[in-house]
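Colleague: Got a minute for this one? I'd like a quick tour before I set anything up.

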Amino acid sequence: MPPDNLAYLVALHSVDGLGTIRLKRILDYFKDPKEAWQAPINEFSSLSIPQIVLDKLSIQQKKLDPENYFAQIKKDEIKVLTFFDPDYPTALKQIYDPPLVLYYKGDILNGDSFSIAVVGTRKITSYGRIVTEKLTAELTQANLTIISGLATGVDTIAHWTALNNNGRTIAVLGGGLKQIFPAENIMLAKKIADTSGALISEFPPDYPPLPGNFPARNRI
């Protein structure tokens with residue numbers, strides 16, 4: 001992927017309905033995301049992309065400037081990692097439907113490959129809180145990166161416990177990085193990104209945290 005054309009890949013990724021499979025199909029056909037972005041819509045006719053998605057692409061082509069869009073993303077301190085980058089997490093490449101584009105704040109380190117997910121109910125009991133804190137503290141002290149989903153309940157406690165024990169933690173979001181959900185965890189999200197971890201999303205920065213996003217993000 002030519003670095004100069006990353007802005008055009010991100011612009012294509014901003015089109016609702018152009019998920020990983022369809023984007024790969026487009027890149028296989030056009031080879032260059034800039035060429036795909038500048039192509040007339042009728043050139044996509046053989047790629048089995050629904051007309052409703054092509055209509056959205058056509059609208060984006062007319063109203064969005066890829067270079068300005070990408071510049072704004074960088075101004076918001078959001079970094080972009082693609083499937084084609086050498087530092088894309090190896091284990092993530094092995095999952096079903098690995099994200100073609102990842103947006104993140106903070107830092108992703110090589111040591112994060114030694115990680116464990118701590119997730120659970122949003123309606124946590126007092127006993128659940130105690131157990132989550134104990135287990136997460138022990139895992140953190142064993143130098144494992146704690147991965148969770150920034151949700152209320154177990155996820156929130158797991159993140160805070162990792163931070164309070166000077167460990168690393170990564171939050172995988174169910175919406176864009178500019179749409180932190182729930183709002184009560186905005187401070188937690190900032191602390192993760194600013195201190196010892198990262199916020200990660202496969203969704204464009206302004207994409208809302210829709211209910212269907214959360215089961216999909218769990219694979220990450």
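Modeller: Sure. One definition to start: strands here are DSSP runs of E, at least two residues long, numbered from the N terminus. And keep in mind that this is a predicted model.

Colleague: Fine. What is the bridge partner of Gly106 in S6?

Modeller: Ala198. Strand S6 covers residues 197–201, and four bridges join S2 to S6. The two run antiparallel.

Colleague: Which strand do four bridges join to S2, running antiparallel, besides that one?

Modeller: Strand S1, residues 79–82. There, Lys79 has Tyr104 of S2 as its bridge partner.

Colleague: And how many of the six residues of S2 are buried?

Modeller: Five. Strand S2, residues 101–106, is mostly covered.

Colleague: Switching to rings. How many aromatic pairs does the structure hold?

Modeller: Six. One of them is Phe83 with Tyr88, edge-to-face, at 5.4 Å centre to centre and 65° between the planes. It counts as edge-to-face because the planes are over 60 degrees apart.

Colleague: Is Tyr88 buried or exposed?

Modeller: Tyr88 is buried, because its relative accessible area is 2% and the cut-off is under 20%.

Colleague: Which charged ends sit over the ring of Phe83?

Modeller: Those of Lys24 and Lys93. Lys24 is 4.7 Å from the ring centre. For Lys93 the distance is 5.1 Å.

Colleague: Any stacking to show me?

Modeller: Phe203 and Tyr207 are stacked, 5.5 Å centre to centre with 10° between the planes. Both Phe203 and Tyr207 are buried. There is also an aromatic cluster made of Tyr29, Phe30 and Phe44.

Colleague: Now pockets. What volume does the largest pocket have?

Modeller: About 830 Å³. It is lined by 34 residues, and Pro89, Ser115, Ile147, Ile170 and Ile220 are the closest to its centre.

Colleague: Which elements give two or more residues to that lining?

Modeller: S1, S2, and strands S3 (115–117), S4 (145–148) and S5 (169–172).

Colleague: How does the lining of the largest pocket divide?

Modeller: Into 18 nonpolar, nine polar and seven charged residues.

Colleague: And the second largest pocket, what is its volume?

Modeller: About 350 Å³. Of its 19 lining residues, the closest to the centre are His13, Leu18, Gly19, Glu202 and Phe203. That Phe203 is the ring stacked with Tyr207. The lining of the second largest pocket has nine nonpolar, six polar and four charged residues.

Conventions:
Residues numbered from 1 in each chain as written. Predicted model: local features only at pLDDT ≥ 70, side-chain atom pairs only at ≥ 80, totals over all residues. Heavy atoms only, no water. Phe/Tyr/Trp six-rings, centres within 6.5 Å; stacked < 30°, edge-to-face > 60°. Buried < 20%, exposed > 50% of the residue type's maximum accessible area, 1.4 Å probe, protein only. Lys NZ or Arg CZ within 6 Å of the ring centre and 35° of its normal. Pairing = 2+ DSSP bridges. 1 Å grid on protein atoms, 1.4 Å probe; cavity = no way out; pocket = protein on both sides within 12 Å on 5 of 7 lines; lining within 4 Å. Points joined across faces, edges and corners; volume = space filled by probe spheres on them. Nonpolar A, V, L, I, M, F, W, Y, C, P; charged D, E, K, R; others polar.
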